[in-house]
Amino acid sequence: MHEHSIQLVYGGGTTGMMGEVARTLVQLSGPDAVMGVTPSALLTRERPGAPGEGSHEPIKKVPASWRQRMGLTASGGGAGGGKGTGTAAGATTPDETAKLLLNKEYGHVTIVPDIQMRKRYMMELVRDGGPGSGFVALGGGIGTLDELMEVVSWNQMGVHWKGACMVNMEGYWDGVLQWMEKMIEEQFAGEHLKHILGSVTDAGEVVAWLKGYEEGRASVLNKKIKGQ
């Protein structure tokens, strides 16, 4: 990501794999390269030291470039459907409410009201990203699978046109790939599903996969326009 000047949109946590990825990218590219989106209810669970949990870094505004992309107010108000407000868990004053957290170690964070808003917001940021933007699933649990299937479903419905790629290291996602084949075999899904949701065996192959997905989609659209 650092080599390709890619910005990361992620779930905003500081623990587990997503925390490590965010922290590493900040070390290499600086805090402006990372934007986390987290529900207020999960602040104390996914971001130890957040408001309401003892000492924490000062609440600061998100960079102007991110404010513009997310439709936030000039004062750095929180995210709620793009223009509403979020609430910091344990907030006791107006200054602690509907503001964006900046953790120098993990990049910038915006607080949203709930999980559904988090998923929608992250999707919109990726959807509106530059060429080659897309969704990537590393190894994870139920939450990772839930978010992965939702972005694939949204692609099928035309909410966005970005590809999703599973990093299938050591066969972690083999079960999902087999399930996809079974869905297609039983005619619960078409062959196009394998184009929307792909996999690579090494994280270094993700950028090339997403670029290939976008180029492939552009080729299909051109053929449709030309009536081929």
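**View 1. Lys162 in the loop between α5 and β6 (164-167).** Helices and strands here are DSSP runs numbered from the N terminus (H or I over at least four residues for a helix, E over at least two for a strand). This is a predicted model, where local features need pLDDT of at least 70, side-chain atom pairs count only at pLDDT 80 or more, and totals for chains, interfaces and linings use all residues. Residues are numbered from 1 along each chain as its sequence is written, and side-chain values use heavy atoms, with hydrogens and water left out. Lys162 counts as buried because its relative accessibility is 11%; the cut-offs are under 20% relative accessible area for buried, over 50% for exposed, and partly exposed in between, with a 1.4 Å probe and protein chains only. Leaving aside residues up to four places away in sequence, Lys162 touches Val126, Arg127, Gly129, Gly130, Ser133, Gly134, Phe135, Asn155, Tyr213 and Glu214. A contact means heavy atoms within 4.5 Å.

**View 2. Trp209 and Tyr213, an aromatic pair within helix α8 (residues 206-226).** Tyr213, one of the residues that Lys162 touches, is itself buried, with a relative accessible area of 14%. Trp209 and Tyr213 are four residues apart in α8, about one turn of the helix. How many aromatic pairs does a search of the whole structure find? There are two. Pairing takes in the rings of Phe, Tyr and Trp (its six-membered ring) with centres within 6.5 Å; planes under 30 degrees apart count as stacked, over 60 as edge-to-face, and the rest as tilted. Now the other pair for a moment: Tyr172 and Trp173 have ring centres 5.1 Å apart and planes at 85 degrees, so they go down as edge-to-face. Trp209 and Tyr213, by contrast, are stacked, with 5.8 Å centre to centre and 15 degrees between the planes.

**View 3. Tyr172 and Trp173, edge-to-face.** A pair of aromatic rings is described by the distance of the centres and the angle of the planes. Are the two residues buried or exposed? Trp173 counts as buried at 4% relative accessibility, whereas Tyr172, at 45%, counts as partly exposed.

**View 4. Arg120 over the ring of Trp154.** The charged end of Arg120 sits 5.8 Å from the centre of the Trp154 ring. For a charge to sit over a ring, NZ of Lys or CZ of Arg has to be within 6 Å of the ring centre and within 35 degrees of the ring normal. Both residues also turn up where two helices meet: Gln116, Arg118, Lys119, Arg120 and Met123 in α4 make contact with Asp146, Glu147, Glu150 and Trp154 in α5.

**View 5. Helix α4 (residues 115-127) packing with helix α5 (residues 142-157).** The angle is about 55 degrees, and the axes are 11 Å apart. That makes α4 oblique to α5, given that angles under 35 degrees count as roughly parallel, over 145 as roughly antiparallel, 65 to 115 as roughly perpendicular and the rest as oblique. Axes are lines fitted to C-alpha atoms, for helices over the stretch in contact, with angles from 0 to 180 degrees between N-to-C directions. The crossing of α4 past α5 is right-handed, meaning that the near helix is turned clockwise from the far one by less than a right angle; anticlockwise would be left-handed.

**View 6. Val136 in strand β5 (residues 135-137).** With a relative accessible area of 41%, Val136 is partly exposed. Which residues does Val136 touch, not counting those up to four places away in sequence? They are Cys165, Val167, Val206 and Leu210. Val136 and Val207 are 71 residues apart in sequence, yet their C-alpha atoms are 9.7 Å apart in space.

**View 7. Met17 in helix α1 (residues 16-29).** Met17 is partly exposed, at 43% relative accessible area. Beyond residues up to four places away in sequence, Met17 touches Leu138 and Gly139. The C-alpha atoms of Met17 and Gly140 are separated by 8.2 Å, with the two positions 123 residues apart along the chain.

**View 8. Glu170 and Gln187, two loop residues with positive phi.** Glu170, in the loop between β6 and α6 (174-185), has phi near 55 degrees. Its relative accessibility of 86% counts as exposed. Gln187 belongs to the loop between α6 and α7 (193-196) and has phi of about 65 degrees, although it is not a glycine. At 71% relative accessibility, Gln187 counts as exposed.
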